[in-house]
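Trainee: I should like to learn how the side-chain features of a model are to be read. May we begin with aromatic rings?

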Amino acid sequence: VTEILTVYSLVAFFYFLVLNGLYLFLTALAWRDMGSELRARRYLALDEVFRSPLTPGVSVIVPAFNEQAVIVDSVRSLLALRYPRHEVVVVSDGSTDRTIAVLEEEFDLAPVRVALRNGISTAAVRATYVSRTHPNLLVVDKENGGRSDALNAGVNAARNPYVCVIDADSMLEPDALLKVSKPILDDPQLLAATGGTIRIVNSCRVDYGRVVDVRAPRSRLATIQVLEYLRAFLVARVGWSSLNALGIISGAFGLFHRSLVEAAGGYWKDTVGEDFELTIRIHRHLRERGEPYRIGFVSDPVCWTEVPEQFATLSRQRRRWQRGLWEGVRRHRRMIGNPRYGVIGLVAMPYFLIFEFLSPVFALTGLLITVVWWILGGLSTFYFIAFLLVSIGLGLLLTTAALALEEFNYHRYHRRRDVARLLAYAVLENLGYHQLHDVWRAIGYLDIARGKTGWGAQPRRGFGTSTDPLA
Amino acid sequence: MRLLAYVGVVFLAGTLLLIVVLVARRSFLQRQARVRGELVERLRPVAIAFVDSHEPEPAPELHGGESEVFAELLGRYARSLRGAAWGRIAAYFEATGGVDEQLGRLHSRRAWRRATAAFTLGDMCARRVVPELVAALDDRVRDVRMAAARSLGRLGAVEAIEPLIASTISGGVPRDVGGLALLDLGPPAVPRLVELSSSTEPAIRSGAIELIGLLGEAGNAEPLLDHLRDPAAGVRTASATALGRLGAGEARDALVRALDDRVPDVRAAAARALGQTGGQRAADALLPVARSDVFEPARAAAQALARIDPRRVVEAAVEPDAGPHLREAADLVSL
């Protein structure tokens, strides 16, 4: 038994070293790319893109299921985007609340029998509306079919050559669409899709669909998620993108060629990780056709989103992400390690399987075995402390590097106490949260084994109520 | 085991170091932003007075960071100014040596410096730098070529039309950047574009025709008519679109014939163009397309018909064979 424990402990430790070595490598890439991006801002020429009649139109698709609390603010912010030609397509996916009613009241909707493409099959569309006050607002009311089905209906309804997908509980910054589309406009033959950064809006002050004062969340759970999002977007996505191996464009903010989404078959309905699955499918589609392409990530454009502040809701979300990851990896398993798919098949897909999907197994068992073994006296206290020191030290280093990237390049958090709070939580997240997060994801395995489907309830607080102007 | 402990300590020390750098850098950036904000507030009225004055205004005496902020303000204003104010800005940058400084950077080894210089020169209104910017269109880095193209447009460098067109069509600069630079140059670019519309390369023909549509006038429509029968579908589409933009009434018959093209994109472009040129004959031809063609041409035809004759759309929409596009157009007309 001792030998098995020793071997397993070494395997887990090796796994930990490789994983964190990869994170360090991605962090280094992100630092390098961030420097180039900062310098490139001096000659970005967004004003030129904005005034150009050559800039192609974009349809912003907003799938909405029972989003009455946030939909008006969200649509308002999208209509106010600084982009020369864009439309907003809200797809109510069989909402049972007042989503359609609040939109009708706020934007003076009129029923219009809009002709819809039937390129991607979807659940039946009940009605379509156009705003009298904002002719570039189209609302599609359809039978419930899930988020993917709503997105597909949005793609069918879109009237522009590019589609930008965002969540109903999210708000784009005024220049975000211009910034995320710039790489595609500059190289439309090569860039197949781009994604932007997601940031957390909890506790920020929002005025008329726009974040006017950025604050660190007051909720502990949301604060830790700020760190997670910084690591995921400013480090991992930037790093993977520079390797041309970006495996996911977030469903909350991504821009695609409409015809490419149609050609790839639209969003897959039998998954809760439709954004990951579509990104991988686009890679696969283009690789199999031998077409040169890139899927890029732009860290500057920002989409603000609300994150869960309750353990139960966050747990459900993370379990769902784990399921979505499995569904995508399983569907495209033939890409794993297959040189035909280049870096995405040889590096990104194995990474998703081994270091994303299986990480809770190694993290939890590795920790458990180490602790138990130490308690039983099989492991010296010195080794145990050294092990903790390395684990926590590396985690801290990676998080602080992500926070430094944010501070040096974007500097969104103006208050010193917000930065201090984030730094404090960089330490605290190691003491319980990471382990709990792994437990949630491990429960995700049970959900997969039980064949669980669907999204579950996602309560919204609304942007207006998430802030207290007097605080 | 001892090594493991050392590694852990190194990570923690690295974290502490990073935190110190972060705090120091943050303080520095905050102070810099505050000073800059104050300078912008203070110098904005001076810059406005400088560019807005009817009398020759002496350049203000500035020190240190003030010159940098003042130059930035002038550069920004230059993007929306022409005439005497433009000349004053050019003179300012010549007198302060700003133009020579940026010209020097245009030959830097670092690509971002070259790109920044190429971009900044466009905001300095210095027309004497046109040859250097034209040379920068052949830079090995695309960002530099893009910045140079943009600046040539900003400077109204008509003499750069040929290399700009060549660079845009060869893909040296992206179509949206090169196209916008040519749009900034305006109608003088049209004769050369007309020549290029007869190129043997379909991509060159369609690119040139698209720009003629944006830059030209009704008199430029004549040479485009033949391109509605071009063997390349992309050229036929560009030609129909350009004829619509030019509002070429004489193209109506040819556009009506293009509604029978075998390629849907061409039919859609022809329908949109007919919506812009108008006329009863166009309306007659658009109705069956709106009723029964495939999605894009039918939608374009219904919208074009609604533009020419809204009443006819409303009447046609109640017929049993109206199809979804006429119904949509009729509903939109009734809004």
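Mentor: Rings of Phe, Tyr and Trp (its six-membered ring) pair if their centres lie within 6.5 Å. Please keep in mind that this is a predicted model. In chain A, one aromatic cluster is formed by A:Tyr15, A:Trp240, A:Phe276, A:Tyr351, A:Phe352, A:Phe355 and A:Phe362.

Trainee: How many aromatic pairs does the rule give over all chains?

Mentor: The count is 19 aromatic pairs. One of them joins B:Phe50 and B:Tyr92, whose ring centres are 5.8 Å apart and whose planes stand at 70 degrees, so the pair is edge-to-face.

Trainee: Which elements hold B:Phe50 and B:Tyr92?

Mentor: B:Phe50 belongs to helix H1 (residues 2–52) of chain B and B:Tyr92 to helix H3 (residues 83–95) of chain B, so the contact ties together parts 42 residues apart in sequence. B:Phe50 and B:Tyr92 are both buried.

Trainee: How is the geometry of such a pair described in general?

Mentor: Two quantities describe a pair of aromatic rings, the distance of the centres and the angle of the planes. Planes over 60 degrees apart count as edge-to-face. For B:Phe70 and B:Tyr92 the centres are 5.2 Å apart and the planes are at 70 degrees, so this pair is edge-to-face. B:Phe70 is in helix H2 (residues 65–78) of chain B and B:Tyr92 in helix H3 of chain B, so the pair links distant parts of the chain, 22 residues apart.

Trainee: Are B:Phe70 and B:Tyr92 buried or exposed?

Mentor: Buried means under 20% relative accessible area. B:Phe70, at 0% relative accessibility, is therefore buried, and B:Tyr92, with a relative accessible area of 6%, is buried as well.

Trainee: Which charged residues lie over the face of a ring?

Mentor: Two cases may be given. In chain A, A:Arg331 lies over the face of A:Trp268, 4.2 Å from the ring centre. In chain B, B:Arg150 lies over the face of B:Phe119 at 3.7 Å from the ring centre.

Trainee: What is the general idea behind a salt bridge?

Mentor: Side chains of opposite charge can pair when their charged atoms come close. Over all chains the count comes to 61 salt bridges. One of these is between A:Arg51 and B:Asp184, with the closest N and O atoms 3.0 Å apart. A:Arg51 is in helix H2 of chain A and B:Asp184 in helix H9 (residues 175–185) of chain B, so the pair joins two chains. A:Arg51, at a relative accessible area of 37%, is partly exposed, and B:Asp184 is also partly exposed, at 25% relative accessibility.

Trainee: Which salt bridge does A:Glu429 form, and is A:Glu429 buried or exposed?

Mentor: The side chain of A:Glu429 meets that of A:Arg231 in a salt bridge (2.7 Å, N to O). This pair links distant parts of the chain, with A:Glu429 in helix H14 of chain A and A:Arg231 in helix H7 (residues 220–242) of chain A, 198 residues apart. A:Glu429 counts as buried, at 0% relative accessibility.

Trainee: What partner does B:Arg312 have?

Mentor: B:Arg312 forms a salt bridge with B:Asp284, the closest N and O atoms being 2.7 Å apart. B:Arg312 lies in helix H18 (residues 310–317) of chain B and B:Asp284 in helix H16 (residues 280–292) of chain B, so parts 28 residues apart in sequence are tied together. B:Asp284 is partly exposed, at 41% relative accessibility.

Trainee: Which residues are linked in a network of salt bridges?

Mentor: The network links A:Asp47, A:Glu48, A:Arg82, A:Asp175, B:Arg79, B:Asp123 and B:Arg150. B:Arg150 is also the residue that lies over the face of B:Phe119.

Trainee: How should the interface of chain A and chain B be read as a whole?

Mentor: One begins with its extent. In contact are 52 residues of chain A and 49 residues of chain B. The two chains bury about 4600 Å² between them, 68% of it on carbon and sulfur atoms. A:Tyr43, A:Leu54 and A:Arg113 supply 17% of the area that chain A buries against chain B, more than any other three residues.

Trainee: How many salt bridges and polar contacts lie between chain A and chain B?

Mentor: There are eight salt bridges between chain A and chain B, including that of B:Glu296 with A:Arg258 (3.7 Å, N to O). Across the interface, 14 residue pairs are in polar contact. Among the elements that give two or more residues to the side of chain A that touches chain B are helix H1 (2–40), helix H2 (46–51) and strand E3 (109–111) of chain A. H13(A) gives the most to that side, with 16 residues.

Methods:
Residues are numbered from 1 along each chain as its sequence is written. Chains are lettered from A and ligands numbered from 1 in the order in which they are written. This is a predicted model: local features need pLDDT of at least 70, side-chain atom pairs count only at pLDDT 80 or more; totals for chains, interfaces and linings use all residues. Side-chain values use heavy atoms; hydrogens and water are left out. Rings of Phe, Tyr and Trp (its six-membered ring) pair if their centres lie within 6.5 Å; planes under 30 degrees apart count as stacked, over 60 as edge-to-face and the rest as tilted. Helices (H or I, at least four residues) and strands (E, at least two) are DSSP runs, numbered from the N terminus. Buried means under 20% relative accessible area, exposed over 50%, partly exposed in between (1.4 Å probe, protein chains only). A charge sits over a ring if NZ of Lys or CZ of Arg is within 6 Å of the ring centre and within 35 degrees of the ring normal. Contact means heavy atoms within 4.5 Å. Buried area is the accessible area (1.4 Å probe) that two parts lose on being put together, summed over both. A salt bridge is a side-chain nitrogen of Lys or Arg within 4 Å of a carboxyl oxygen of Asp or Glu. A polar contact is a pair of N or O atoms within 3.5 Å; within protein, one must be able to donate a hydrogen and the other to accept it, and residues adjacent in sequence count only if both atoms are side-chain atoms.
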